[in-house]
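Please look at the structure shown here before reading on. The report below goes through its sheets, the helices packed on them and the surroundings of its ligand.

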Amino acid sequence: MSGSLVVVGTGPGRPELMTPATLAALAKATDLVGYGPYLDRVPATRPDQCRHASDNRVELDRARHALALAASGREVVVVSGGDPGVFAMAAAIFEAVETGDPLWRTLDIRVEPGVTAMLAAAAEAGAPLGGDFCAISLSDNLKAWATIERRLQAAAEADFVIALYNPASKARPHQLAQAFDHLRKIKAGDTPVLFVRAAGTAEAKVVTTTLAAADAAQADMRTLVIIGASTTRQVGRWVYTPRNERGARS
Ligand code: SAH
C-alpha cells in the first residue's frame with residue numbers, strides 16, 4: 001500500500017491556531033476529505049488537490065472513503081475541526097480500519113494533534129481548567145442519555161471541572177437543561193458556569209454565570225460549556241481554577 005492518510009484538526013477557527021505540522025500535511029495532500037465547513041477553513045495550497053466535501057452525519061462512510069483513496073495510492077488528509085481525536089474523525093478512521101479491509105491495517109496512517117475547543121474556550125475565559133477536569137459530549141447520537149447522566153454525576157461527585165462538548169443542537173434542545181438540573185442536585189448553586197461561543201475566533205463570546213442561574217438556551221452548536229469545580233472562582237473578568245485543591249486563598 002503506497003498511499004498515506006493523515007488526520008488533522010483545523011483548531012477552533014482562527015488560522016493562527018492551526019499547527020505548522022497540520023499546514024505541512026495539508027500542503028502535501030493530493031486529496032482532502034472532510035465536512036464542508038471544515039474544508040472551507042483550509043487555505044488553498046495546490047491547484048491539483050481534490051476536495052471531497054461531505055455531510056457531517058456520515059463520519060464512518062467518510063472514513064471508509066478516505067481509507068479507500070489512501071489504499072489506491074493517494075496522499076489523503078482527513079480534516080476535522082479542533083483536535084481530530086476529540087469527538088472527531090480520528091476515532092472514526094480507526095473504527096473503519098477495525099471493521100474494514102484487512103489491508104487497511106498496513107496503511108501509513110498518522111494523526112496530527114490540534115487545538116481542541118475546550119482549550120480555546122478556557123483561554124478566552126482565563127484558566128478554568130487549571131485543576132483536574134474532564135470532557136463529556138452531550139450528543140446522544142452514539143451513546144445513551146443514561147450513560148451521559150451517569151458520567152455527569154460521577155464527574156460532579158469527583159469535583160472535576162466539566163467541559164461539555166455538543167451541548168445543544170436543533171435535534172436536541174432540552175438536554176443541556178436536563179444536564180444542569182442533574183448537576184444542581186450535586187453541586188453548589190454558586191458554581192461558576194461559562195458559555196463560550198466561537199472560541200478562538202474573532203466572534204468569540206464568553207458568558208459567565210452560576211449553575212443556579214445558567215440558562216441552557218444560551219448554548220448552541222458552536223458553544224462549549226464549562227462547569228466549575230468547587231474551587232473555581234472569578235477574579236475580575238476572569239474565571240480560574242486554582243492548582244491547589246484547597247483553593248488559592250490558603
Ligand atoms: N474535534 C472538535 C470537537 C467536535 S464536537 C474539537 O476538538 O474541538 C463539536 C463541538 O465542539 C461543538 O458542538 C462545540 O461544543 C465545540 N466547539 C467546536 N468549536 C468550537 C469553538 N470554536 N468554540 C466553542 N465550542 C466549539
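Strand β9 (residues 192–197) is joined to β10 by 6 bridges, and the two run antiparallel. Helices (H or I, at least four residues) and strands (E, at least two) are DSSP runs, numbered from the N terminus. Two strands pair if DSSP finds at least two bridges between them. Within this pair, Arg-197 stands opposite Lys-205 of β10.

This is a predicted model, in which local features need pLDDT of at least 70 and side-chain atom pairs count only at pLDDT 80 or more, while totals for chains, interfaces and linings use all residues. Residues are numbered from 1 along each chain as its sequence is written, and side-chain values use heavy atoms, with hydrogens and water left out.

The strands β9 and β10 belong to an open sheet of 5 strands with mixed pairing, in the order β7-β8-β11-β9-β10. Its edges are β7 (133–137) and β10 (205–210); each has a single partner strand, so one side of each is left without a neighbour in the sheet. From one strand to the next, the twist averages 20°. Axes are lines fitted to C-alpha atoms, for helices over the stretch in contact, and angles run from 0 to 180 degrees between N-to-C directions.

A second open sheet has 5 strands in the order β3-β2-β4-β1-β5, and its pairing is parallel. Here β3 (50–54) and β5 (108–111) stand at the edges with a single partner strand each, so one side of each has no neighbour in the sheet. Neighbouring strands of this sheet are turned by 15° against each other on average, direction ignored. Strand β1 (residues 4–9) runs parallel to strand β4 (residues 75–80), with 6 bridges between them. Val-7 has Val-78 in β4 as its bridge partner.

Helices lie across both sheets. The table lists them with the strands they touch, where contact means heavy atoms within 4.5 Å.

| Helix | Strands touched | Angle |
|---|---|---|
| α5 (residues 117–125) | β7, β8 (161–165), β9, β10, β11 (223–227) | about 70° to β11 |
| α6 (residues 145–157) | β7, β8 | about 165° to β7 |
| α1 (residues 20–28) | β1, β2 (31–35), β4, β5 | about 140° to β1 |
| α3 (residues 59–71) | β1, β2, β3, β4, β5 | about 175° with β2 |

The ligand has 19 residues around it, of which Asp-83, Val-86, Thr-116, Met-221 and Thr-223 come nearest. A residue counts as near if one of its heavy atoms lies within 4 Å. This shell divides into 12 nonpolar, 5 polar and 2 charged residues. A polar backbone atom of Val-86 is 2.8 Å from a nitrogen atom of the ligand. An oxygen atom of the ligand lies 2.6 Å from a polar side-chain atom of Thr-116. On its own the ligand has 550 Å² of accessible area (Shrake-Rupley method, 1.4 Å probe), and the protein covers 91% of this area.

Technical notes
A polar contact is a pair of N or O atoms within 3.5 Å; within protein, one must be able to donate a hydrogen and the other to accept it, and residues adjacent in sequence count only if both atoms are side-chain atoms. Ala, Val, Leu, Ile, Met, Phe, Trp, Tyr, Cys and Pro count as nonpolar, Asp, Glu, Lys and Arg as charged, and the others, Gly among them, as polar.
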